[in-house]
Amino acid sequence: MQKFSITKHQLKNGLTVLYCHTPNTVSFELAIHINTGARDECEKNTGISHFLEHMMFRGSQKYPNSRLLARAMESFGGETNAMTGIENTNYWIKGSAEKTIEAIECFADFFLHPNYADLDIERNVILQEMASDFNEEGLSIDTESLGMQTLFSDHPLGSPIIGSEDSVKNITVKNLQEKRNFFYIPSNCILTIHTATAEDIVLNAIEKTFAHPWTHANNTLADRVNALASLPDRVTLHKAQNALCLQNNPDNQFALKLIFPTIGNLSKDIISITFLQRILDDGICTRLPANIREKYGLVYDISCDTQFFQEVGTFSVDATVSEEYLTELLEKLGQEMRSILTEKPSIEEVEHIKFRYLFDLQQILETPARLLNRKVTEHFMKSELSIEEEIEFVKSIQGESLLQTAKTIFGAGRRAFVLVGPKARKKRELVEKFLSNFD
């Protein structure tokens, strides 16, 4: 196995650069990560992080429209794209390693000098993108957004990344500039690159293009609103609290999401939660796919997922099911969740997931892009938990500790349930009966 190493540099303006040398590859990948996303918005400007991400591709100082900019960025041989998340926004470009220096220069122009061209055209694109999340009656049918909104209520974590229709329709160039000025500052960004081009040559090019003071930057950041305040204190709860979202949608199937709050950041406790998630869903032979899809054929797909943010996280189960199987699905899912809550996983189960988990971690060490992304996460989370330390901790996990983790997540506190489908609001009694499994 070829393991890669990363060197860290701090430019004079405060920008962090992570470099990974990949001498035997023909490609490069250059990315910039900004520690801002949907949780840094309010009701008035919800969706602005995502809107700004779109607008960055409309043109730059050197390439004044989206077609010219795209042609320049695609001329390096690979793809260019971006993603807005709840806490981070990322932009990246890939291509031939022999084009690394030219790509750095182009990427700097793209990132540092957007011209905000064709605002209304991009607004319409975003509204079209948003349309798929709503039904003919204008009601949201996106279970991910509904789940976060139901769990975190009025906190920014509960707002959809894409924003609201009213907000998107009213965002101006000035609003976008203010968002960028406030958050796209050197100390709030990390530049990552892996390439066969030598480190000194790459750093010289980065310093020439990125190391100067960014004229748009305000160099101040507001504190994020702590999400823990939006969740009930476990200690003061007399009974578990259910947060329900039952959304009618004239379809022939139901989409459902069961979602619990967890702790956040990057720590050994998070590793235990991730391991528990894998017990439920990590391949066809694990509990939810094996016992609900393969054994009974109740669903086409059922999945379990975790997300971790600065101070909180989520643990969720998603499925899509026809109306005739909804009751049986909830019954079987309830059995599986009761089992994970009351009985420790078998030695065979733990060892199976342990091997898969360790294999995945070992792959990170030999995959430059994943290794760099992990270092970015550690930096933004202010965590010192290395992959090597995570590997050692995974090796130590036993069934008893996983049972305690399950009790911590599922046994008390708030949980949310989203059901979208035909006459979903009439399924309240059925849903509450299912949720009683966790009382």
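A search of the whole structure, which is a predicted model, finds 0 disulfides. Cys245 is in no disulfide, and the nearest cysteine sulfur, which belongs to Cys304, lies 20 Å away. Cys245 counts as buried because its relative accessibility is 15%, and the cut-off for buried is under 20%. Cys20 is also buried, with a relative accessible area of 0%.

## The open sheet

Cys20 leads to the sheet, since Ile6 stands opposite Cys20 in β2. The sheet is open and is formed by 6 strands in the order β1-β2-β6-β3-β5-β4, with mixed pairing. Its edge strands are β1 (6-10) and β4 (77-84), each of which pairs on one side only. On average, and with direction ignored, neighbouring strands of this sheet are turned by 15° against each other.

Two of the strand pairings can be described in detail. Strands β1 and β2 are antiparallel and share 5 bridges. They form a hairpin with 5 residues between them, and Gly14 in the turn has a positive phi of about 100°. Strand β3 (residues 27-34) runs antiparallel to strand β6 (residues 189-195), and 6 bridges join the two. Within this pairing, Glu29 has His194 in β6 as its bridge partner. For side chains in such strands, a general rule applies: in a regular strand they alternate between the two faces of the sheet.

Thr22 lies in the loop between β2 and β3. What is Thr22 in contact with, leaving aside its neighbours within four places in sequence? The contacts are Phe4, Ser27, His194, Thr195, Ala196 and Pro368. His194 thus appears both as a contact of Thr22 and as the bridge partner of Glu29. Thr22 counts as buried because its relative accessibility is 1%, against a cut-off of under 20%.

## Helices across the sheet

Helix α8 (residues 199-210) lies across β1, β2 (16-21), β3 and β6. The angle between α8 and β6 is about 145°. Helix α13 (residues 368-381) lies across β1, β2, β3 and β6 as well, and runs at about 160° to β6. Pro368, at the start of the range given for α13, is among the contacts of Thr22.

Ala70 is found in helix α2 (residues 66-74). Between Ala70 and Thr80 there are 8.2 Å in space, C-alpha to C-alpha, and the two are 10 residues apart in sequence. Is Ala70 buried, partly exposed or exposed? With a relative accessibility of 27%, Ala70 counts as partly exposed, because that class covers values between the 20% and 50% cut-offs.

## Packing of α9, α10 and α12

Helix α9 (residues 268-280) packs with helix α12 (residues 347-365) at an angle of about 115°, and their axes are 10 Å apart. The crossing of the two helices is right-handed. On the α9 side the contact consists of Ile271, Thr274, Phe275, Arg278 and Ile279. On the α12 side it consists of Glu349, Val350, Ile353, Lys354, Arg356, Tyr357 and Asp360. By class, the contact has 6 nonpolar, 1 polar and 5 charged residues. The spacing of such residues can be read against the helical repeat: an α-helix has 3.6 residues a turn, so residues three or four places apart point the same way.

Helix α10 (residues 287-294) has Arg287, Leu288, Pro289, Ala290 and Ile292 buried. Which elements do the buried residues of α10 pack against? They pack against α9, β9 (302-308), β10 (312-322), α11 (326-342) and α12. Both α9 and α12 are therefore partners of these buried residues and of each other.

## Positive phi outside glycine

Two residues that are not glycines have a positive phi.

| Residue | Phi | Loop | Relative accessible area |
|---|---|---|---|
| Ser153 | about 45° | between α5 (143-152) and α6 (165-170) | 34% |
| Lys382 | about 55° | between α13 and α14 (387-396) | 74% |

Ser153 is partly exposed because its relative accessible area of 34% falls between the two cut-offs, 20% and 50%. Lys382 counts as exposed because its 74% is over 50%. The loop that holds Lys382 follows α13, the helix that lies across β1, β2, β3 and β6.

Note on methods
Residues numbered from 1 in each chain as written. Predicted model: local features only at pLDDT ≥ 70, side-chain atom pairs only at ≥ 80, totals over all residues. Heavy atoms only, no water. Axes fitted to C-alpha atoms, helices over the stretch in contact; angles between N-to-C directions. Helix = DSSP H or I, 4+ residues; strand = E, 2+ residues; numbered from the N terminus. Left-handed = near helix turned anticlockwise from the far one by under 90°. Contact = heavy atoms within 4.5 Å. Nonpolar A, V, L, I, M, F, W, Y, C, P; charged D, E, K, R; others polar. Pairing = 2+ DSSP bridges. Disulfide = S-S within 2.5 Å. Buried < 20%, exposed > 50% of the residue type's maximum accessible area, 1.4 Å probe, protein only.
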